[in-house]
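User: I am new to this structure and would love a guided close look at one part of it. Could you take your time and connect the details for me?

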Amino acid sequence: MTKRKPLIAGNWKMNNTVSEAVVLAQEISNGYEKDWAELVDVCVCPPSVDLKAVRGVFLFDRTKVAVGAQNVYYEPKGAFTGEISVDMLSEIGCEYCIIGHSERRELFGETNEGVNLKAKALIAGRIKPIVCVGESLAVRDEGAYLDYVRVQVRAAFAGIEASEAAEAVVAYEPIWAIGTGRTATPEQAEEVCAAIRATLAELFGAEVAEGMRVLYGGSMNEGNAELLLAMPDIDGGLIGGASLKAGSFLTIVKAAL
Ligand code: PGA
């Protein structure tokens, strides 16, 4: 079986001005130990206006922390006021881009179809999408959450070939666990992450699916990361609140070693 390298990704959301972002990136860089790079991939996703400066900190220090964006638009260029293209992210050195985060789906009308177009554009531009999926509390309570998440995964990857999908990442983020302090139990998270991998296997074959990383996100923190990351189908975390302090973020990174 393929040994998957875990990925710990920090989603800073709409926090930190450029100067604040540089301070946090520098603290992360200072605490990061070089020999971790063999064992875990680390990425931070600041607001887009902070990306260049944050990338600059890690480049200058030769720290193996990647940067990712929190969103992208799928058209290559043109009259799309307020949007940012794959090429723009690429030139800054973005390695990852979060798409389909539940906050974007709920607050900004992002659809499964839009997520699919963004995934295709990112893959074409050699940026790894971190495709977020996850159910609301209402869907969980109805009991239909596995089907709900399977539909989101199938839609996000529609029309994408196995060879293109291999580098993509899926993040399972139950909406009821995001920013609420109510984490999914390791068993609850594993159940859905395993179902996501089974869906990826249906789409791309078992071998590709075994190599793809499936993350858990939703109130992951220093206290619960180790047990979540120990589950067989959880290959890392997408961390919101706990990624805004270098100490707690790096403790979660260490839990993935
Ligand atoms: P949280 O956010 O860790 O603050 O719950 C996770 C996310 O939304 O990516």
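Let us start with a single side chain: does R197 count as buried or exposed, and at what relative accessibility? Please go on from there to its partners and whatever else helps me get my bearings.

Analyst: Happy to walk you through it! One thing to keep in mind is that this is a predicted model. R197 counts as buried, because its relative accessibility is 4%, under the 20% that marks the limit for that word.

Now to the partner. R197 and D233 meet through their side chains in a salt bridge, with 2.6 Å from N to O. R197 belongs to helix α9, which covers residues 186–204, while D233 sits in the loop between α11 and β8 (236–239), so the pair ties together parts that are 36 residues apart in sequence. D233 is buried as well, with a relative accessible area of 14%. As general background, side chains of opposite charge can pair when their charged atoms come close.

The story does not end with two residues. R197 and D233 are part of a network of salt bridges that also links R4, E210 and D235. Within it, R4 and E210 have their own salt bridge, at 3.2 Å from N to O. This pair links distant parts of the chain: R4 is in the segment before β1 (7–11), and E210 is in helix α10 (residues 206–211), 206 residues apart. R4 is buried, its relative accessible area being 11%, whereas E210 counts as partly exposed at 25% relative accessibility.

Another salt bridge is worth a visit. D41 forms one with R213, where the closest N and O atoms are 2.8 Å apart. Here too distant parts of the chain are linked, with D41 in strand β2 (residues 41–45) and R213 in strand β7, 172 residues apart. R213 is buried, with a relative accessible area of 11%. Counted over the model, the salt bridges come to 14.

What about the cysteines? The count of disulfides is zero. C43 is in no disulfide, and the nearest cysteine sulfur, belonging to C45, is 3.8 Å away. A disulfide needs the two sulfur atoms within 2.5 Å, so a pair beyond that cut-off does not count. C132 does not bond either, because its sulfur is 9.1 Å from the closest cysteine sulfur, in C45, which is too far. C43 is buried, with a relative accessible area of 0%, and C132 is also buried, at 2%.

Finally, two spots in the backbone deserve a glance. Most residues other than glycine have a negative phi. R62 has a positive phi instead, near 55°, and is found in the loop between α2 (51–61) and β3 (65–69). S219 is not a glycine either, yet its phi is positive at about 55°. You can find S219 in the loop between β7 (213–217) and α11 (225–229). Their surroundings can be told apart by accessibility: R62 counts as exposed at 70%, while S219 counts as buried at 17%.

To come back to where we began, R197 is a buried residue that reaches D233 through a salt bridge and belongs to a network with R4, E210, D233 and D235.

Terms used
Residues are numbered from 1 along each chain as its sequence is written. This is a predicted model: local features need pLDDT of at least 70, side-chain atom pairs count only at pLDDT 80 or more; totals for chains, interfaces and linings use all residues. Side-chain values use heavy atoms; hydrogens and water are left out. Helices (H or I, at least four residues) and strands (E, at least two) are DSSP runs, numbered from the N terminus. Buried means under 20% relative accessible area, exposed over 50%, partly exposed in between (1.4 Å probe, protein chains only). A salt bridge is a side-chain nitrogen of Lys or Arg within 4 Å of a carboxyl oxygen of Asp or Glu.
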